[in-house]
Amino acid sequence: MSIPLALFLTAAVAQANGQTTHVWITRAAVENLPSGDLRDLLADPAQEPMLVHGTMFPDGGYPIGHPYGESAHWEPLQTRYLDWIRSTFDLPYDRAAAPHIAFLMGLGSHGLADQTFDAFYLDRSQRYDADLGWAEGLSMDEATDFKWASLRGTQTVPERWIPDEVLTEIFAQEGIEVDGETMHQGQGLLELAIGLVTVTTSSDGDLSRYEEAFPWATENLENPDVPGIPDYETEVVASYWLSLWEQLHARDPSTLIDRTWPVDGGYGLATDATSPDARISIVFQQGLLSAELEPDFFSVEDSSGTDHPVDIWLYYGDHSHIIHLVPRADWPADDWMTVTLRAGLPTRTGATLATNHVFSVSTQPPPEDSGTLPESTPTTDAPTKRRCGCTLGAATGVPLQWFWLACSGPLICMRRRPHRGPS
Ligand SMILES: [Zn+2]
């Protein structure tokens, strides 16, 4: 289709937000992989164009208003591609398969990064920056992407590689008609977007408009006490890649649960039931289906064995990976909560938790770094090594006075994230 150049540019820049961060996350996640075949494949410079362009690809549909982008974010489409790889190439995978595996891993990185960032970080920004950028309808993604580029550097884009013929077939299986020309059009805009972030950052562009609109979001990107920051996303993505690698080899996953927030043995769970820091969150390695998440699969008990009811919030709905357990009433103070995810809990693939998964989190504040544990410790099998999984201080000190910030200039504000998974 033909789109005026000016619209191309504005749409592309809006889509830029996140593109630089996405590529950074993928490149950092490679470094997080353990030594082995997968790391060798993804760290191979020959596969970098595929890995990077796969990482960028899902957002390419948005600026041209085509649904292929939304679909590419999600496991149903990505699993079709994974299945195509498995049925097309023999094990062990050779150099003919490697480009497709790298592109698939890029897609997986993008999808899970978006889910992780939004479930934890965007969700908090919507609360703490509510009266500022959100009230003005500005783009937090754009703000954080420019900020991230200023913090950790800009990204380069290698020569384009898109398996357009294969993808056209796979999208058709999802009921989406898209040709190679359209996909290349979207990808070209994403390349342009990264380039514009690079130019702005390299010329020390003024970020105050972003910082004033989203003070919390732009100030906490490197805060390790906040889940969902880019450093956290690299760990989630690397772990997810390993599970995809297992699927590519038709091996059963060793675990369905990737990690929790707070971590097992973590402190600082907020008692205020309305706080996002009171949520107990679980990141799964496979997507889930809302209708299959029976309340009985989840329980939270305090140290006396009293059950505390929770609401189950599958953040992006069907096919997404992150559940928040939201307390219906305040948690007891200075206590340890035992969380049980029961055997039989199913994922979208039909896999089920083989055994109960039990972990403990505390509403006690993190202990001083004295080398000793607090006196009150759980009676369950919580680990002896305690880690601070979250803190309460991240949200405090945010200036909540009203800022007027006009969304003028060449940047328009539009959402780049998938709103919900396909149903
Ligand atoms: Zn996206």
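These legends walk through several close-up views of one predicted model.

**View 1. A nonpolar core shared by two domains.**
Start with the largest nonpolar core, which holds 91 residues. Six of them, L42, A102, M105, F214, V237 and W241, touch the most other members. Helix α7, spanning residues 98–128, supplies the largest share of this core, with 14 residues. Domain 1 (5–219) and domain 2 (257–395) both contribute residues, so the core lies between them. Take M105 as a place to pause: setting aside residues up to four places away in sequence, M105 touches L42, L51, G54, W241 and L244.

**View 2. Helix α14 and the residue that follows.**
Helix α14 covers residues 230–248. How far does α14 reach from its first C-alpha to its last? The 19 residues of α14 reach 26 Å, close to the 27 Å expected at 1.5 Å a residue. Many side chains are worth finding here: the buried residues of α14 are P230, Y232, E233, T234, V236, V237, A238, Y240, W241, L244, W245 and L248. As you look along the helix, keep one general idea in mind. An α-helix has 3.6 residues a turn, so residues three or four places apart point the same way. Two of the buried residues, V237 and W241, also appear among those that touch the most other members of the largest nonpolar core. After α14 comes A250, whose phi is positive, near 55°. A250 sits in the loop between α14 and β1. Is A250 buried or exposed? A250 has 8 other C-beta atoms within 10 Å, so A250 is exposed.

**View 3. An open sheet of four strands.**
Now turn to a sheet whose four strands follow the order β1-β2-β5-β4, with antiparallel pairing. Its edge strands are β1 (257–261) and β4 (310–314), each pairing on one side only. From one strand to the next, the twist averages 25°. Strands of a sheet pair through backbone hydrogen bonds, either parallel or antiparallel. Step across the sheet pair by pair:

- Four bridges join β1 to β2 (residues 280–288), and R259 stands opposite V283 in β2.
- β2 and β5 pair over five bridges in the antiparallel sense, with I280 opposite L325 in β5.
- β4 and β5 pair over five bridges, also antiparallel, and W313 has H324 in β5 as its bridge partner.

Seven of the eight residues of β5 are buried, so β5 is largely enclosed by the rest of the structure.

**View 4. The hairpin of β4 and β5.**
Here β4 and β5 form a hairpin with five residues between them. In the turn, G317 has a positive phi of about 75°. H319 lies in the loop between β4 and β5 (320–327). H319 also has a positive phi of about 75°, although H319 is not a glycine. Most residues other than glycine have a negative phi, and most peptide bonds are trans. Is H319 buried or exposed? With 26 C-beta neighbours inside 10 Å, H319 counts as buried.

**View 5. Two cis peptide bonds.**
Look for the cis peptide bond that joins L91 and P92, where omega is about -10°. P92 lies in the loop between α6 (75–88) and α7. Another cis peptide bond runs from W261 to P262, with omega near -5°. P262 belongs to the loop between β1 and β2.

**View 6. An open sheet of three strands.**
This sheet has its strands in the order β3-β6-β7, and the pairing is antiparallel. At the edges are β3 (298–301) and β7 (357–362), each of which pairs on one side only. The twist averages 20° from one strand to the next. How many bridges join β6 to β7? Six bridges link β6 (residues 336–341) to β7. Within this pair, T340 stands opposite V358 in β7.

**View 7. P163 in its loop.**
P163 is found in the loop between α9 (140–152) and α10 (164–173). P163 counts as buried, with 21 C-beta neighbours inside 10 Å. Leaving aside neighbours within four places in sequence, P163 is in contact with H100 and F103. P163 and G180 are 17 residues apart in sequence, and their C-alpha atoms are 8.6 Å apart in space.

Methods:
Residues numbered from 1 in each chain as written. Predicted model: local features only at pLDDT ≥ 70, side-chain atom pairs only at ≥ 80, totals over all residues. Core = buried A, V, L, I, M, F, W, Y, C linked by C-beta atoms within 7 Å. Buried ≥ 20, exposed ≤ 12 C-beta atoms within 10 Å, placed from the backbone. Helix = DSSP H or I, 4+ residues; strand = E, 2+ residues; numbered from the N terminus. Domains from an automatic or database assignment. Contact = placed C-beta atoms within 7 Å. Pairing = 2+ DSSP bridges. Axes fitted to C-alpha atoms, helices over the stretch in contact; angles between N-to-C directions. Expected span 1.5 Å × (residues − 1).
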